[in-house]
Amino acid sequence: MRRFEGKIGDGQRPLFMFEYDSRTQLVHVESALSPPKVLTLREVAHSLPGHPDLVALIYGLHDGDVATSAWSWQDAIGAGHSSDATIVAPGVSEMMRTRRCERADFSPFNGRVVDLREADLSGVMFGEIDFRPTLLDGAIFAFATVNRCRFGPRQLVGLDLRNALLAGADLRGLDLSGAQLDGAVLTGANLTGAVLRGTSLRDARLDHVDFSQADATGAVFDGARGIGTRFTGTNLTGARFVGTRLGAAEFAGAVLIDTSFKDAILAEARFAAAAGGIAAARFEGVDFDNADLRSADFSGTVLTRCKVPARAPLLGKDADRHTRFVGAELKSSLLGSDWSYIDATDATIVLDTEFDETPLKAVEAILPGITFAGHTLREPDFTGAKLHDARFALCVMRFANFTGAILPGADFTGASLESANFTRADLRAGMLARAWMLGAQFSGASLVQANFSSAMLAQVDFTGIKDRNLAGASFAGACLVSALFNDVGVPRSGLARTTFSGACLAGADFTRADLSDVILSGAQLSAGDGTIEVEHPQRPRPRRFTYTMTKLSPDATDTDTTCPDGRGGQCTIEQLRFVPVPARWTTS
C-alpha cells in the first residue's frame, strides 16, 4: 500500500486521501466530498471530482500499460476542475520507482502545460516521448534512457544529461549549449547542425555520432571515445579533445581554431577535403601535444599556424599505414624528430631553426622532392624511405642511414656523408658530386648512372654493389684512393659511358673488374706506395692517406676503353700509369 494526500488549489486544505494497492491495482479513496470507495485507476481518472493536480499524481502509479501507454493526459484528468496553474509532472515519484515512462502523452490540457522544471528524472527509461509541449528548465536526466524522444529547439540548453543513454537520438538542429553530457552514450546519434556551445561531453561514447555542421565552440570532449565520429564542417573553435580516443573520425571542413588535441588518439582521422566539395579542415593555433596521429590524413591542409607541441605527436604506424600530409603545408616543429611512416608527397615542409639540433628519424617515410639543402642532420635514419629527387646539397650528415632508401635523382652535391650507409639503396641517377663520403657503404646499392664527379671516396668499398653494375656512373675527378672495385662491371647504359676521367685511383683495387668501354683519360694510377693529402670544403684541415700500387690489369681493358693517355685500348701498363699521382687532391 502507498498513501497519498490531495490538496485543493491553495495547497493547504486536504481534499481527499487514497491508498493504492499495486497487487490488485485498486485505489481506496477517502474523500471529504463523498463516502469512502474502492476504484480502479480508470474509474479514478473519470469519476473522481476534485483538483486536477491530484489526478496528476495518480497518473503514473501503475507500472504497466495503463499508466504509461493507454492513458493520455486528457484521459487521466477526466472531469477535474480547470486551473491557471501548470500541471504537476505525471507521477514523478512513480517514474523514479519504476524507472519507466513510455509513449506517454505530455500534451497540454485545458491550456495547462506539463511542468517538469527542476524535476529529477535520473535513471528513468523514456521511450517515444514528445517533450516539446513540456517545461524542462533545470530537469535532471542523469543516467536516463532517452529512446526515440523529441525535444524542442532549446529545451536541452543547460540540462543535466550526464551518463544518459541517447543512442540513436535525433538531436538535429537542437540547442544543447551548456548541457552536461559527461559519460553519456550517444552512439549513432544525429546532432547535425546542433548548437553545442560550451557543452561538456567528457568521457562520452561517440561511436558513429554525426556532429556535421554543428557549432561546438568551446565544447569539451576530454576523454570521449568513439569510432567513425563525424565533425564535417563543424565549428570547433576553442574545443577540447584532451585524451580523447576517436578512431577514423572525420574532420573535413571543420574549423579548428585554438582547438586542443593534447594526448588525443586520432588514429586514421581524416582532416583532408572530402567528396561533395567539402574543403580540408582549417587549422589555427591547434595543439597536437603528444597526440596519436598514426594513419591520419592531413592531405591538402595548411598546418603552418599550429602550435609548436611540447611533445611531438605520434606519426605513422607501419609501411602500409602512413600519416598522410600529401600536398600539405607544415613546419618541421609539428612533426618533431620522428617522421617515420609519413607520406609528404608534394608537401611543403618548412624547416624551423631548431631542426638542426635534434636527430632525425624518417623510417619508411615518403618524402619525394623534400629539401634539406644546407642543413645539419644529426645521424639521420632514412631506412626504407622514398626520397625521389630529394635535395641534400651541402648537408652535413655524418653516420646517415639510407639502408634500403629509394633515392633516384636525389641531390647530395657537396654534402658531408662520412660513414653514410647506403646498403641496398637505390641511387640510380643520383647526384653525389663533390660529396665527402669517407667510409660510406654501398653493399647491394644500385649505382647505375650515379654521378660521383669530384667526390671524396677514399677507401670506399664498391665490390658489393647491386649486380656489380656501375653502368653510366661518373667518377670524373673523384678521389678514389684505395677504393675497392673488385669484380665490378660497366656495361654501356644507353649512350652513357662509365667514366673515371681525371680521377685519383692511387691504391684502388680493380681485381677481376671489367673496364671495357670505360673512360680513363687523365686518371692517376699509382705504381707503388705513397701518401696524398686530401682537401675538401667540408673538412677544416687536409686529410692524409697512404696508398699502395693500383691494382688494374691491362686485361681489364679492351679496344673500347679510353686509356689515361687519351688513346684507345687495350691499355698497356705504360698507358695506365701515364698520369702521375699528385701530392694533393682538391675537389674541383
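**Exercise 1. Partners of β22**

Find the strands that pair with β22 in this predicted model, and give the sense of each pairing.

*Solution.*
Step 1. Start with β24, residues 584-586. β22 and β24 pair in the parallel sense, over 3 bridges. Within this pairing, E535 stands opposite T586 of β24.
Step 2. Turn to β23, residues 543-547. This strand runs antiparallel to β22, and 5 bridges join the two. Here E533 has R544 as its bridge partner.
Step 3. Recall the general rule. Strands of a sheet pair through backbone hydrogen bonds, either parallel or antiparallel.
Step 4. Now look at the faces of β22. G530, I532 and V534 make up the covered face. T531, E533 and E535 make up the uncovered one.

**Exercise 2. A sheet of three strands**

In what order do the strands β6, β8 and β9 form their open sheet? Which are the edge strands?

*Solution.*
Step 1. The order is β6-β8-β9, with parallel pairing.
Step 2. The edge strands are β6 (100-102) and β9 (145-147), since each pairs on one side only.
Step 3. Check the angle. Neighbouring strands of this sheet are turned by 5° against each other on average, direction ignored.
Step 4. Follow one pairing. β6 and β8 (residues 125-127) run parallel and are joined by 3 bridges. E102 stands opposite G127 in β8.
Step 5. Pick a residue in β9: T145. Its relative accessibility is 17%, so T145 counts as buried, the cut-off being under 20%. Beyond residues up to four places away in sequence, T145 touches V124, M125, F126 and L165.

**Exercise 3. The surroundings of A252**

Is A252 buried or exposed? What is A252 in contact with, leaving aside neighbours within four places in sequence?

*Solution.*
Step 1. Locate the residue. A252 sits in the loop between β11 (245-247) and β12 (255-257).
Step 2. Read the accessibility. The value is 0%, so A252 counts as buried.
Step 3. List the contacts. Among them are F231, T232 and G233. R270, F271, A272, A273 and A274 are also in contact with A252. I278 and A279 complete the list.
Step 4. Compare sequence with space. A252 and A280 are 28 residues apart along the chain, and their C-alpha atoms are separated by 5.0 Å.

**Exercise 4. Two aromatic pairs that share F288**

Classify the pairs F261 with F288 and F288 with F298 as stacked or edge-to-face.

*Solution.*
Step 1. Set the scene. The structure has 49 aromatic pairs.
Step 2. Take F261 and F288. Their centres are 5.4 Å apart, with 10° between the planes. Planes under 30 degrees apart count as stacked, so this pair is stacked.
Step 3. Place the two rings. F261 lies in the loop between β12 and β13 (282-284), and F288 in the loop between β13 and β14 (292-293). The pair therefore ties together parts that are 27 residues apart in sequence.
Step 4. Check burial. Both F261 and F288 are buried.
Step 5. Take F288 and F298. Their centres are 5.8 Å apart, with 90° between the planes. An angle over 60 degrees counts as edge-to-face, so this pair is edge-to-face.
Step 6. Place F298. This ring is in the loop between β14 and β15 (314-315), 10 residues from F288.
Step 7. Add the accessibilities. F288 is at 0% and F298 at 1%. F298 thus counts as buried too.

**Exercise 5. Salt bridges and exposure**

How many salt bridges does the structure hold? For D426 and R428, state which is buried and which is partly exposed.

*Solution.*
Step 1. The count is 28.
Step 2. D426 and R428 form one of them, with the closest N and O atoms 2.6 Å apart. D426 has 11% relative accessibility, so D426 counts as buried. R428 has 43% and is partly exposed.
Step 3. Try D517 and R497. Their closest N and O atoms are 3.2 Å apart. Both residues lie in the loop between β21 (378-381) and β22 (530-535), 20 residues apart. D517 is buried at 12%, while R497 is partly exposed at 25%.
Step 4. Add D170 and R172. Their side chains meet in a salt bridge of 2.7 Å, N to O. D170 is partly exposed, at 41%.
Step 5. Finish with a network. Salt bridges link R270, D297, R324 and D343.

Conventions
Residues numbered from 1 in each chain as written. Predicted model: local features only at pLDDT ≥ 70, side-chain atom pairs only at ≥ 80, totals over all residues. Heavy atoms only, no water. Salt bridge = Lys/Arg side-chain N within 4 Å of Asp/Glu carboxyl O. Buried < 20%, exposed > 50% of the residue type's maximum accessible area, 1.4 Å probe, protein only. Helix = DSSP H or I, 4+ residues; strand = E, 2+ residues; numbered from the N terminus. Pairing = 2+ DSSP bridges. Axes fitted to C-alpha atoms, helices over the stretch in contact; angles between N-to-C directions. Contact = heavy atoms within 4.5 Å. Phe/Tyr/Trp six-rings, centres within 6.5 Å; stacked < 30°, edge-to-face > 60°.
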